[in-house]
Amino acid sequence: MAEDICYLNKDALVIKTPKKSPLVLRTVLLIFAMVCGIYICSICLKQITHTKTKLLNIKVIDQSCQADNIEQWEIPFVHYPNPVTFSREECACNPVQYFAILSMQRSGSGWFETLLNSHINVSSNGEIFSVKDRRINVSSIIRTMDKVYNLDWFSSASKNECSAAVGFKWMLNQGLMDYHEDIVDYFNEKGVYVIFLLRRNLVRRMISVLANSYDRNAKLLNGTHKSHVHSPAEAEILAKYKPRINATLLVPQLEQKLKDVQEFLRLPYRELTSRQVKIHGGPLSEQVENWSDVLQALKGTSYEQFLHSDY
């Protein structure tokens with residue numbers, strides 16, 4: 001390569017450099033690109049390292065809970081809720097079962113729910129769908145159930161202790177029949193235990209419905225209407241009212257239940273009959289060999305009423 005030529009003129013030092021070949025220019029550009037690339041990569045690596053450091057400082061809870069004595073078929077019914085409104089802390093791995101009590105008004109569901117709620121680990125939250133806004137459509141129903149089963153629903157029945165079962169009471173006329181297909185799918189997906197309560201003596205239920213309807217306006221308990229009471233004295237006051245039943249319409253009203261079932265199943269209405277004959281008819285005292293022992297065991301308890309059940 002020719003050497004540079006230097007000379008002085010009257011104004012300044014002038015350096016004349018021979019023109020570089022294309023190969024030299026490409027080499028210079030390549031080296032420049034490599035240097036820039038190495039610099040950019042070093043900056044990116046510093047940022048990635050800094051990001052990883054931040055991520056490592058985040059406390060991640062990914063705890064696998066293994067329930068003891070759980071059969072294979074029970075796995076879909078065992079849940080570990082992660083509430084938004086509070087932390088379960090030491091109870092995080094305590095399994096929770098979901099349930100729903102399905103019934104009709106004046107069928108004993110309130111009494112049954114008080115029994116469940118007497119358990120320290122059970123939260124049954126009452127008739128949550130008695131409020132129309134919660135059952136205005138299937139989306140609102142599912143949203144409400146999600147909140148209950150995630151332990152984010154608070155009522156007087158909510159337990160501070162580790163919950164083992166959580167649910168609510170649902171009357172058949174509170175949106176349940178309107179969206180039954182979606183609700184069944186939800187129950188199956190979530191593994192919800194369904195407890196269906198039916199009052200066997202429909203005449204007694206009818207009396208209870210009529211009396212409760214009357215008390216909505218009469219308010220026999222010091223100007224207050226109560227659908228359920230917790231003392232014998234209050235029960236005695238309400239029991240003083242004796243409703244009148246339309247005897248002419250009694251049989252058709254009782255038969256209406258079978259019509260409702262056929263309508264629910266989308267069947268053409270038919271008179272239904274059964275060829276089965278009741279085996280254990282007559283008084284209970286004639287059906288049990290050691291009746292005196294059974295009588296003595298149940299007498300004076302809340303189950304004494306079963307001794308005098310209808311047959």
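How do the residues of the lining of the largest pocket divide into nonpolar, polar and charged? Hold that thought while I set things up.

What you see is a predicted model, where local features need pLDDT of at least 70, side-chain atom pairs count only at pLDDT 80 or more, and totals for chains, interfaces and linings use all residues. Residues are numbered from 1 along each chain as its sequence is written, and side-chain values use heavy atoms, leaving out hydrogens and water.

Okay, pockets. On a 1 Å grid over the protein atoms alone, a pocket is an open set of points where a 1.4 Å probe fits, with protein on both sides within 12 Å along at least five of seven lines; lining residues have an atom within 4 Å of a point. Volume is the space filled by probe spheres set on the points, which are joined across faces, edges and corners.

The largest pocket holds about 2000 Å³. It has 45 lining residues, and R106, S107, G108, R199 and S208 are the closest to its centre. So, the split: 18 nonpolar, 17 polar and ten charged. Here Ala, Val, Leu, Ile, Met, Phe, Trp, Tyr, Cys and Pro are nonpolar, Asp, Glu, Lys and Arg are charged, and the others, Gly among them, are polar.

Helix α6 gives the most to that lining, ten residues; helices are DSSP runs of H or I, at least four residues, numbered from the N terminus.

Now the second largest pocket, at about 990 Å³. Its 29 lining residues include M104 and D260, both among those nearest its centre. They divide into 19 nonpolar, four polar and six charged, and α8 gives the most, with seven.

Terms used: Helices (H or I, at least four residues) and strands (E, at least two) are DSSP runs, numbered from the N terminus.
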